[in-house]
Amino acid sequence: LLQKCAGSAAGAPEYLPALQLLPGRVEFSYFPEATQALLMVPLGGRSGVVVLGADRKRAFGAEDVAWARAIAGRLGAALEGGDTAE
């Protein structure tokens, strides 16, 4: 799932609202056991993903996704050495 998200040409986030129901949750064993939801957002212009976890199901709303996309874009630009000032 992480590789799929990192390779997303459109920069679309992947949202797993109920992690415990996902057969592939073992891919995320490094998160605390109480993690219920994940939001994965590809870094803009760079190979990598910002992964956010929450301790409740369906924790991320549209505003959270927009915030995470903005952070991922700025982080990707910073890692590329680009200008992040606005």
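**Aromatic cluster, sheet and packing helix**

Counting ring pairs whose centres lie within 6.5 Å, the total comes to three aromatic pairs. In this predicted model, the rings of F28 and Y30 have centres 6.4 Å apart and planes at 65°, so this pair is edge-to-face, given that planes over 60 degrees apart are classed that way. Y30 also pairs with F31, and here the arrangement is tilted, with 5.2 Å from centre to centre and 35° between the planes. F28, Y30 and F31 together form one aromatic cluster. Within that cluster, F28 has a relative accessibility of 3% and therefore counts as buried.

It helps to place these residues against the overall architecture. The protein contains two helices and three strands, and along the sequence these elements follow the pattern α-β-β-β-α. Of the 86 residues in the protein, 27% are buried. Among contacts with a sequence separation of 6 or more, 45% link residues 24 or more positions apart.

Turning to the sheet, the three strands are arranged in the order β1-β2-β3, and the sheet they form is open, with antiparallel pairing. The edge positions belong to β1 (14–16) and β3 (49–54); each has a single partner strand, so one side of each is left without a neighbour in the sheet. From one strand to the next, the twist averages 10°. In general, the strands of a sheet are paired through hydrogen bonds of the backbone, in either a parallel or an antiparallel sense. Here β2 (residues 37–42) is joined to β3 by six bridges in the antiparallel sense. One of the residues involved is P42, whose bridge partner in β3 is V49.

Helix α2, spanning residues 62–80, packs on this sheet and touches both β2 and β3. Its direction makes an angle of about 40° with that of β2. The length of the helix fits expectation nicely: at 1.5 Å a residue, its 19 residues should span 27 Å, and the C-alpha atoms at its ends are indeed 27 Å apart. A68, A72 and G76 are buried in α2. Viewed down the helix axis, the buried residues of α2 fall within an arc of 70°, so they line one face of the helix. This fits a familiar rule: an α-helix has 3.6 residues a turn, so residues three or four places apart point the same way. The cover over the buried residues of α2 includes β2 and β3. By contrast, the face turned away from the buried side of α2 carries E63 and W67, which are exposed. Just after the helix, G81 adopts a positive phi of about 85°.

A final point of interest is Q36, which sits in the loop between β1 and β2. The relative accessible area of Q36 is 18%, and because the threshold for burial is under 20%, this glutamine counts as buried. What surrounds Q36? Setting aside neighbours within four places in sequence, Q36 is in contact with L16, P17, A18, L19 and Q20, and also with A54, D55, R56 and K57. Among these partners, L16 falls within β1 (14–16) and A54 within β3 (49–54), so the contacts of this loop residue include both edge strands of the sheet.

Methods
Residues numbered from 1 in each chain as written. Predicted model: local features only at pLDDT ≥ 70, side-chain atom pairs only at ≥ 80, totals over all residues. Heavy atoms only, no water. Pairing = 2+ DSSP bridges. Helix = DSSP H or I, 4+ residues; strand = E, 2+ residues; numbered from the N terminus. Axes fitted to C-alpha atoms, helices over the stretch in contact; angles between N-to-C directions. Contact = heavy atoms within 4.5 Å. Buried < 20%, exposed > 50% of the residue type's maximum accessible area, 1.4 Å probe, protein only. Expected span 1.5 Å × (residues − 1). Arc of directions from axis to C-beta. Phe/Tyr/Trp six-rings, centres within 6.5 Å; stacked < 30°, edge-to-face > 60°.
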